[in-house]
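Work through the exercises below with the structure open beside you. Try each task before you read its solution.

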Amino acid sequence: MLQKLKMMEHVHLAAEDEDDLYSGYNDYNPTFDTEDLENDVGFQQAVKTSHGRRPPMTSKIPGSAVARPMGTAFGARMPLVSSLGRPVTGAVQDGVARPMTAVLAAGYSSAVIRGSAFDPLGQSKGPAPPLEGKNEDTPEEKIKHLEKKVNQLIEDSCMAHSHGDLELSLEKAKEAGRKERVLVRQREQTASADHINLDLTYSVLFNLANQYADNEMFAEALNTYQVIVKNKMFSNAGRLKVNMANIYFKQRNFPKAIKFYRMALDQISNAHRDIRIKIMQNIGVVFVKMGQYSDAITSFEHIMSESPNIKTGFNLILCYFAVGDRDKMKKAFQKLITVPLGVDEDDKYIPSNDDPQTNLVIEAIKNDQLRQMERERKALAEKYIMTSAKLIAPAIETSFAAGFDWCVEMVKTSLYVELANDLEINKAITYLRQKDFNQEKEYGQAERYADLAMNADRYNPAALINKGNTVFVNGDYEKAGEFYKEALRNDSSCTEALYNLGLTYKKLKRLEEALDCFLKLHAILRNSAQVMFQLTSLYESLEDPNQAIEWLMQLISVAPTDPQALAKLGELYDNEGDKSQAFQYYYESFRYFPSNIEVIEWLGAYYIDTQFCEKAIQYFERAALIQPTQVKWQLMVASCYRRSGNYQKALETYKDIHSKFPENVECLRFLVRLCTDMGLKEVQEYATKLKKVEKMKEIREQRVRSGRDGSGRGHRGGSASSDSGHSSRGTSAKTERLNAKLRSLPGANEPYEASSRDIDASYVDPLGPQIERPKTATKKQTDEDDFADEELGDDLLPE
């Protein structure tokens with residue numbers, strides 16, 4: 001009991017007038033009732049206005065039921081104490097607010113002065129102070145600025161080169177070189193030589209060397225490349241020896257080009273196979289230029305075994321052709337047509353009717369840059385194959401036809417099957433150029449198919465024309481004319497039938513009817529050069545030169561560069577006696593086609609006739625180039641030198657003729673005469689040769705005469721002396737007139753006269769009049785050789 005009393009001493013009972021410590025906790029405050037907030041008009045109005053976003057102005061202090069004001073930034077703060085007895089964050093105690101550390105990152109500061117505004121971004125402090133500028137006077141900044149300037153100059157040089165301004169490009173490259181040297185000196189002065197930009201130095205030197213080479217300053221380019229190559233700090237600089245070799249190739253210093261190509265090849269590892277292949281192609285090309293075809297073949301064969309390509313295969317065929325290896329030409333051609341091109345099939349670009357999306361894609365890519373590149377690659381391959389076939393066809397078999405047939409059969413079994421028809425057409429065109437028309441004549445087949453066409457449709461004008469053509473070829477012009485007339489009755493606008501009917505009347509010598517056909521045809525085809533030429537020919541045959549000249553003038557207005565039409569017009573004016581007009585048109589014809597022997601001969605004779613022998617020399621020299629086996633042109637050149645008073649040049653020309661034609665009597669006669677007049681010691685030597693040649697000629701002529709009288713062996717034994725008779729029978733009337741005019745010029749009976757007005761007998765071919773012009777095949781072969789040489793030269797690597 002005593003213990004209980006002691007415990008009660010510490011219990012304090014509240015009196016009635018004292019406040020209840022727990023009063024207010026059980027009171028209901030409707031402010032915290034959130035169930036009917038949606039229906040509370042005042043609350044909803046507060047939410048819609050700025051009033052609803054204001055912080056509460058009062059709060060209750062825990063532990064009491066009395067609402068007391070709470071301090072804000074705009075009023076006095078009440079000291080708030082936490083349950084642990086320390087001030088609440090943000091509360092004012094002893095005039096100092098406790099910092100609110102949780103909102104420091106938002107820009108809030110507890111040291112807020114009464115009346116200050118909330119400014120977390122510090123905008124009220126004004127603009128930030130300007131950045132401190134760099135000091136560009138420091139050596140490092142100067143070096144950086146200079147490096148930028150050098151790079152800009154290199155870029156400007158490259159841009160100028162891409163625009164084709166080579167002079168400006170070189171000037172910029174030189175200026176970049178000067179700036180770069182200044183940069184290196186500044187590095188050395190600032191003791192930072194170890195930090196020299198080697199890439200920048202290499203770029204400057206390489207660009208400068210390229211610009212020197214493009215401006216054909218080869219010595220400077222080689223020196224600049226040498227500086228790069230000798231510097232061991234530049235990695236892979238040895239590859240630039242390829243560029244040096246290219247320069248030596250342009251200078252035609254082929255041994256040095258070979259040397260540098262091989263040096264570059266030694267410094268490139270086998271991992272870079274494509275670069276090695278290209279360098280070996282260049283080596284082969286240089287060997288071809290040097291005429292060392294065996295060495296070139298070795299390079300090209302290695303390439304075709306490692307990485308075959310079209311251009312190398314073509315070059316290999318050319319080399320085999322040069323050495324005359326028939327079997328290897330065939331093998332190389334077979335290898336050429338099997339080289340893969342890496343080109344997609346054309347079927348890939350054919351649109352499909354099922355998928356419109358795929359069709360749109362195909363339409364977009366069927367003519368893009370990649371497709372164009374594929375077409376170019378395929379066209380180049382076809383060009384090489386066609387040229388190779390035309391080149392080797394006469395050499396791989398006993399005849400041109402057999403060789404071409406072999407090439408056609410090989411192509412038919414390759415990827416280039418469509419080229420077989422083109423080769424057949426080229427074969428026929430070659431026969432036409434050789435004027436060997438009988439090789440492609442299949443008149444029996446043509447007539448059979450023409451009959452089949454007529455049986456299928458008797459009223460078809462094309463079938464009637466083809467039937468008329470077969471009859472025309474057989475020489476039955478009357479019957480051919482009937483077929484052409486029937487075609488015109490079925491189709492009065494058929495120009496082919498009207499043209500062929502005019503040719504038929506021309507063959508039948510019914511010139512007026514032929515003229516009527518071509519006049520009607522001219523009314524339909526106003527600008528047809530063929531029709532105008534036929535009208536010219538008909539009026540000339542009708543002996544109406546004025547009308548012929550008029551129609552020929554109209555033809556030239558349509559085809560102003562046709563050399564044959566110009567030459568024909570010159571001939572008509574020459575026949576009319578108008579030499580000045582004739583010279584004008586002959587000269588125009590020569591300008592467009594300087595290989596027509598008749599035009600060259602007329603121009604040379606014109607200048608001789610007008611006493612301008614010096615100008616005639618260039619025409620006879622060109623004739624000598626076209627017909628090098630004809631001594632008459634070279635004799636005319638020598639005679640022109642002699643008549644113009646240049647006796648020394650004439651003597652040299654006659655000596656050169658004698659070395660090429662030692663049995664030419666006319667040349668020896670002039671040599672004897674010139675040496676006698678000039679007091680030279682060789683006169684006796686040439687006189688002895690002249691006697692021997694004349695004696696041999698006399699014996700040869702006797703043998704020819706005896707052979708003709710006996711067993712007819714003169715065709716074999718009189719090849720040297722009887723050319724005059726054979727060639728004179730085949731000489732055109734125009735050439736005969738020119739030769740007659742040359743014979744009739746003053747001084748023709750005297751072999752040598754000092755007067756510049758005399759014309760000697762050397763203008764007349766001692767072996768007879770001019771023979772037939774060389775066949776087109778000879779010129780074609782020359783063109784192919786030139787093409788081959790050009791293709792070999794294009795294999796060089798780009799710098």
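**Exercise 1. Place an unusual backbone angle.** Find where Glu216 sits, and decide whether it is buried or exposed.

*Solution.* The model is predicted. Step one is location. Glu216 is found in the loop between helix 5 (198–214) and helix 6 (218–230). Step two is the backbone. Phi of Glu216 is near 60°, a positive value. Glu216 is not a glycine. Most residues other than glycine have a negative phi. Step three is accessibility. The cut-off for exposed is over 50% relative accessible area. Glu216 has 61% relative accessibility, so it counts as exposed.

**Exercise 2. Repeat the analysis.** In which loop does Lys509 lie, and what is its phi?

*Solution.* Start with the loop. Lys509 lies between helix 20 (495–507) and helix 21 (511–524). Next, the angle. Phi of Lys509 is about 65°, which is positive, although the residue is not a glycine. Finish with the surface. Lys509 has a relative accessible area of 69%, so it is exposed.

**Exercise 3. Compare directions of two helices.** Work out how helix 27 and helix 28 run relative to each other: parallel or antiparallel?

*Solution.* First, locate them. Helix 27 covers residues 613–626 and helix 28 covers residues 631–643. Their axes come within 8 Å and cross at roughly 165°. Angles over 145 degrees count as roughly antiparallel. Therefore helix 27 is roughly antiparallel to helix 28. The crossing is left-handed. Now list the contact. Helix 27 contributes Cys613, Ala616, Ile617, Phe620, Glu621, Ala623 and Ala624. Helix 28 contributes Trp633, Gln634, Met636, Val637, Cys640, Tyr641 and Arg643. Sort these residues by class. The contact of helix 27 with helix 28 has 11 nonpolar, 1 polar and 2 charged residues.

**Exercise 4. Move along to the next pair.** How do helix 28 and helix 29 cross, and which residues meet?

*Solution.* Helix 29 spans residues 647–660. The axes of helix 28 and helix 29 come within 7 Å, with a crossing angle of roughly 165°. The two helices are therefore roughly antiparallel to each other. Helix 28 passes helix 29 in a left-handed crossing. On the helix 28 side are Val631, Gln634, Leu635, Val637, Ala638, Ser639, Tyr641 and Arg642. They meet Tyr647, Lys649, Ala650, Thr653, Tyr654, Asp656, Ile657 and Lys660 in helix 29. By class, the contact of helix 28 with helix 29 has 9 nonpolar, 3 polar and 4 charged residues.

**Exercise 5. Look inside.** Which residues have the most contacts inside the largest nonpolar core?

*Solution.* The largest nonpolar core has 81 residues. Leu603, Phe620 and Tyr654 have the most contacts inside this core. A second, separate core has 78 residues, among them Leu205, Ala257, Leu265 and Phe404. Link this to a wider rule. In soluble globular proteins, nonpolar side chains tend to be buried together. Now take Val242, in helix 7 (residues 241–250). The cut-off for buried is under 20% relative accessible area. Val242 has 6% relative accessibility, so it counts as buried. Val242 and Leu265 are 23 residues apart along the chain. Their C-alpha atoms are separated by 8.5 Å.

**Exercise 6. Describe the whole chain.** How many helices and strands does the chain have?

*Solution.* Count the elements first. The chain has 35 helices and 4 strands. Then consider burial. Of its 799 residues, 35% count as buried. Last, take contacts between residues at least 6 apart in sequence. Of these, 51% join residues at least 24 apart.

Key
Residues are numbered from 1 along each chain as its sequence is written. This is a predicted model: local features need pLDDT of at least 70, side-chain atom pairs count only at pLDDT 80 or more; totals for chains, interfaces and linings use all residues. Side-chain values use heavy atoms; hydrogens and water are left out. Buried means under 20% relative accessible area, exposed over 50%, partly exposed in between (1.4 Å probe, protein chains only). Axes are lines fitted to C-alpha atoms, for helices over the stretch in contact, and angles run from 0 to 180 degrees between N-to-C directions. Angles under 35 degrees count as roughly parallel, over 145 as roughly antiparallel, 65 to 115 as roughly perpendicular and the rest as oblique. A crossing is left-handed if the near helix is turned anticlockwise from the far one by less than a right angle, and right-handed if clockwise. Contact means heavy atoms within 4.5 Å. Ala, Val, Leu, Ile, Met, Phe, Trp, Tyr, Cys and Pro count as nonpolar, Asp, Glu, Lys and Arg as charged, and the others, Gly among them, as polar. A nonpolar core is a set of buried Ala, Val, Leu, Ile, Met, Phe, Trp, Tyr and Cys residues joined through side-chain atoms within 4.5 Å.
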